[in-house]
Amino acid sequence: MTVNLVNRDENCINEHVRVCYEDVLAEPEGSHSIDCVWKLSYCCFNCSKGCCYNLLAIFCGIPSALCWGFEFAIIAFYHIWYLTPCLRAYMINCGMMQKYFEACLRCCIGPVCETCGLFFSQITVKNVS
């Protein structure tokens with residue numbers, strides 16, 4: 001597996017954190033600073049954001065990736081070796097309980113329903129005009 005160094009968010013899962021200078025700072029008409037201040041603030045914003053992000057990525061990115069790798073490995077292990085077998089055992093037991101419940105209904109309620117069916121089948125309705 002190779003790492004895409006050009007498009008590092010192929011699935012666009014972090015579009016919500018894309019931040020540009022124009023998204024954060026804006027001067028409305030009638031409230032403009034001196035051009036050199038606006039240009040310098042643009043450079044300061046982009047440089048500080050880039051440097052800070054790179055420093056955080058250098059010092060925290062690898063340990064964070066290691067922790068998240070462990071986290072997802074634990075989740076996968078838990079699902080494969082615990083949750084799926086538990087769910088399978090539950091489904092087997094539910095199948096058995098379904099048969100037991102069906103047998104109880106046939107024994108206890110079946111005769112009552114059959115008797116009611118025979119009783120109500122003797123009723124005739126005559127239309128009197």
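Does K49 count as buried, partly exposed or exposed, or, put differently, what does its relative accessibility make of it? In this predicted model, K49 lies in helix 2, and at a relative accessibility of 37% the residue counts as partly exposed, because the value falls between the 20% under which a residue is buried and the 50% over which it is exposed. K49 can also be considered together with V19: these two residues are 30 residues apart in sequence, while their C-alpha atoms are 9.6 Å apart in space.

The confidence of the prediction provides the background for what follows. The protein chain has an average pLDDT of 92, and 100% of the residues score at least 70. Within the chain, confidence is highest in helix 2, where the mean is 95, and lowest in helix 1, which covers residues 21–24 and has a mean of 89.

Helix 2 spans residues 35–108, and it packs against helix 3, made up of residues 110–121, with an angle of about 45 degrees between the two and a distance of 3 Å between their axes. Helix 2 and helix 3 are therefore oblique to each other, since an angle of about 45 degrees is neither under 35 degrees, where a pair would count as roughly parallel, nor in the range from 65 to 115 that counts as roughly perpendicular. On the side of helix 2 the contact is formed by L105, R106, C107 and C108, and on the side of helix 3 by G110, P111 and V112. By character, the residues of this contact divide into 5 nonpolar, 1 polar and 1 charged.

R106, which takes part in the contact with helix 3, also forms a salt bridge with E102, the distance from N to O being 2.8 Å. Both residues belong to helix 2 and are 4 residues apart, which corresponds to about one turn of the helix. R106 is exposed, with a relative accessible area of 60%, whereas E102, at 35%, counts as partly exposed.

The count of salt bridges in the model comes to 2, and another pair to be described is that of E15 and R18, whose closest N and O atoms are 2.7 Å apart. E15 is partly exposed, with a relative accessible area of 40%, while R18, with 55%, is exposed, because its value is over the 50% cut-off.

A final point concerns the backbone at C12, a residue found in the segment before helix 1. Most residues other than glycine have a negative phi. C12, although it is not a glycine, has a positive phi of about 55 degrees. With a relative accessibility of 46%, C12 counts as partly exposed.

Definitions and conventions:
Residues are numbered from 1 along each chain as its sequence is written. This is a predicted model: local features need pLDDT of at least 70, side-chain atom pairs count only at pLDDT 80 or more; totals for chains, interfaces and linings use all residues. Side-chain values use heavy atoms; hydrogens and water are left out. A salt bridge is a side-chain nitrogen of Lys or Arg within 4 Å of a carboxyl oxygen of Asp or Glu. Buried means under 20% relative accessible area, exposed over 50%, partly exposed in between (1.4 Å probe, protein chains only). pLDDT is the predictor's confidence in each residue, from 0 to 100. Axes are lines fitted to C-alpha atoms, for helices over the stretch in contact, and angles run from 0 to 180 degrees between N-to-C directions. Angles under 35 degrees count as roughly parallel, over 145 as roughly antiparallel, 65 to 115 as roughly perpendicular and the rest as oblique. Contact means heavy atoms within 4.5 Å. Ala, Val, Leu, Ile, Met, Phe, Trp, Tyr, Cys and Pro count as nonpolar, Asp, Glu, Lys and Arg as charged, and the others, Gly among them, as polar.
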